[in-house]
Amino acid sequence: MFPEATRERLESGRQTYTLRCGACHETYAPASRSPTEWEWSVAEMSERAGLAGERQKIVLEYLQTFAQR
Ligand code: HEC
């Protein structure tokens with residue numbers, strides 16, 4: 001899905017997701033939602049999580065890579 005998604009990039013996305021998105025609620029499993037649903041949630045939740053730009057992008061890439069198919 002993301003040809004430029006290296007292991008480090010995905011790992012960094014996972015860590016950011018755990019730290020930032022897991023601060024308020026459980027870290028919902030990536031496979032619990034579709035890629036499109038993740039796009040919506042990340043767009044909606046990023047402000048609360050203080051995420052923008054590249055940090056926001058790597059979190060979305062991580063979630064979409066392991067999303068429900
Ligand atoms: C400041 C607290 C806070 C942070 C940080 C946060 N969330 Fe949330 N999130 C909430 C609250 C509160 C809800 C409950 C529903 C609502 O208010 O929209 C929620 C709901 C959700 C839901 C929907 C749950 C359901 O019932 O389907 C998803 C998915 C989600 N958040 C993902 C994320 C992601 C991804 C991030 C990181 C980018 C994130 N959240 C960061 C507070 C937070």
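The following exchange concerns a predicted model and treats its ligand shell, its nonpolar core and helix α3.

Me: Which helix gives the largest share of the shell around the ligand?
Reply: The shell comprises 14 residues, of which C21, C24, S41, M45 and A49 come nearest to the ligand. By class, 9 are nonpolar, 3 polar and 2 charged. The largest share, 6 residues, comes from the helix spanning residues 35–49, namely α2.

Me: With which residues is C21 in contact, leaving aside its neighbours within four places in sequence?
Reply: C21 is among the residues that come nearest to the ligand, and C21 also belongs to the largest nonpolar core. Once its neighbours within four places in sequence are set aside, the contacts of C21 are T27, M45 and A49.

Me: Which helix supplies the largest share of the largest nonpolar core?
Reply: This core has 11 residues, including Y17, W38, V42 and L51. Both α2 and α3 (53–65) supply at least two of its residues. The largest share, 5 residues, comes from α3.

Me: Which elements are included in what covers the buried residues of α3?
Reply: The buried residues of α3 are Q56, I58, V59, L60, E61, Y62, L63 and Q64. Among them, I58, V59, L60, Y62 and L63 are also members of the largest nonpolar core. The cover over the buried residues of α3 includes α1 (7–20) and α2.

Me: How far apart are the end C-alpha atoms of α3?
Reply: Helix α3 has 13 residues, and at 1.5 Å a residue α3 should span 18 Å. The distance between its end C-alpha atoms agrees with this expectation, at 18 Å.

Key
Residues numbered from 1 in each chain as written. Predicted model: local features only at pLDDT ≥ 70, side-chain atom pairs only at ≥ 80, totals over all residues. Near = placed C-beta within 6 Å. Helix = DSSP H or I, 4+ residues; strand = E, 2+ residues; numbered from the N terminus. Nonpolar A, V, L, I, M, F, W, Y, C, P; charged D, E, K, R; others polar. Core = buried A, V, L, I, M, F, W, Y, C linked by C-beta atoms within 7 Å. Buried ≥ 20, exposed ≤ 12 C-beta atoms within 10 Å, placed from the backbone. Contact = placed C-beta atoms within 7 Å. Expected span 1.5 Å × (residues − 1).
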